[in-house]
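Colleague: Please show me the model, and let us then discuss its overall form and one chosen site.

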Amino acid sequence: MAKAAGCAAKLNPATLDRVLRKLPRQIDPNVLVGFDTNDDAGIYRLGEDLALVQTVDFFTPIVDDPYLFGQIAAANALSDVYAMGGRPICSLSIVGFPEKGDPAILEQIIGGGLAKMQEAQCSVIGGHSIRNEDMLFGYAVTGTIDPRRVWRNVGARDGDVLLFTKPLGTGVITTALKKDRAQPESLAAAIAAMTTLNRDAAAALQEFDRKADETPRIHAVTDVTGFSLLGHAREMALGDPERGIAPVSFEIDHAAFEYFPGAVEAAREGHLSGGLKNNRAFVSDCASFAGPVAPEYQDLLFDPQTSGGLLVAIDAQSGEAAVEALRKRGVSARRVGRVVAKRWPLLSVR
C-alpha cells in the first residue's frame, strides 16, 4: 500500500537543498541549532543549563505488519533526539490514513508506536490526523538537553576516526519485500535493528564523553536515515564555515561496515529504491570509489536507511575505547573510516 517505503519516501535531497539554501538565517540567539546545516533536530535554549530538542519525522509503511510499522516509525523519530545527545520527554503523533481504511490497522499502528514511546519513557500527549490515500505515521518529539553538551552533525576534525552503530541495508531489503523477494532472515534482522532505539548507543557515548576533561572527545554525531550513509557523511564533512566549523574530508572503508544478512545479495539483484537513486545523483559528485569497491557495496552506501545507526566522529585516541563502551551496552559498533583535512572529493571510499 506504499509507493515508497519508510525513509526512502523522503523528498529528493537535491530539491530540498535548493529550497533550504534560499531561506534566511534566523536571528533569535536562543536558536542554537536550526535548519542551516540539515542537523538531526533543532535546539532552542531556555536557560544556561536547559534547552529543548525538537524534531518531527513521519513516513509511509516500510513493513507489512502495522504494529511493527508503528514501532519503527517511533524509533526513527526518537533517534533524532538521541543523535543530538538529548533525552526525549514527550511527543505528538502524526497520522495520515485512507478514509475507507480498516480502523483495526490504524489501531495497530498507533499501538505499536505507543509501545515504543513507552519503552523510551517518552509520553505521547496528543497528535493530528488527516485523510490520506497513502498511510503516513510518525511523531513530533520534544526532548531536553544541556545546551553546553549538544552533539551536532558538524564539527568533525582532521585526525578523528568514524564509528557506526548499526548494520546497513534496510532500504534494499524492504524494497525486495515489496517485490516478495526478501528472505525471512534478512527481513527479521532489519526489523530487529529498525525497532531498536538508539538510546543505548547515545547513553554509552555520553557516559564515555563525560569521563573526558574539558575538551570533548566526541566532535560530531548524526543518525543515518533516508539520505544514506554517504549523504549524511557529506553533511558532516561540509561543516559550518559561517560559525567557524571548517569543512573536512572523510576516508571510508566499505569493508568495515556490518551489512544485514542478504543485503549485499538484494543490492546485487537490483532491489534499489527511488530514494537510493536520488541519493546517488545528489552525492556522487563529491564521492569517489576505489576500484575494488563492487557496485553492490556502492549501492548500499547510497541506500536510504530507516531508523539507522549513529555515525560518530571521535578523537582518534578514544576510538577503540568508545567502541568497547558501546559493545558493553550491546551496541555492535564498528570503526568505519577516518577524518582528514579537506580535499576533493569530500568522501573517498575504498
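**Overall form and one buried site**

Colleague: Which radius of gyration does the protein chain have, and does it agree or disagree with a compact globule of 350 residues?

Modeller: The radius is taken over C-alpha atoms, and the globule rule is 2.2 Å times the number of residues to the power 0.38. For 350 residues a compact globule would come near 20 Å, so the chain agrees with the rule, having a radius of gyration of 19 Å.

Colleague: On what basis are such values given?

Modeller: Residues are numbered from 1 along each chain as its sequence is written, and side-chain values use heavy atoms, without hydrogens and water. The model is predicted: local features need pLDDT of at least 70, side-chain atom pairs count only at pLDDT 80 or more, and totals for chains, interfaces and linings use all residues.

Colleague: What percentage of the residues of the protein chain count as buried?

Modeller: Buried means under 20% relative accessible area, with a 1.4 Å probe and protein chains only. Of the 350 residues, the share that counts as buried is 53%.

Colleague: Is Phe250 buried or exposed?

Modeller: Phe250 sits in strand 9, residues 248–252; strands are DSSP runs (E, at least two residues), numbered from the N terminus. Its relative accessibility is 1%, and Phe250 therefore counts as buried.

Colleague: How far apart are the C-alpha atoms of Phe250 and Ala233?

Modeller: Beyond its neighbours within four places in sequence, Phe250 is in contact (heavy atoms within 4.5 Å) with residues including Ala233, Met236 and Leu346. Phe250 and Ala233 are 17 residues apart along the chain, and their C-alpha atoms are separated by 7.7 Å.

Terms used. Buried means under 20% relative accessible area, exposed over 50%, partly exposed in between (1.4 Å probe, protein chains only). Helices (H or I, at least four residues) and strands (E, at least two) are DSSP runs, numbered from the N terminus.
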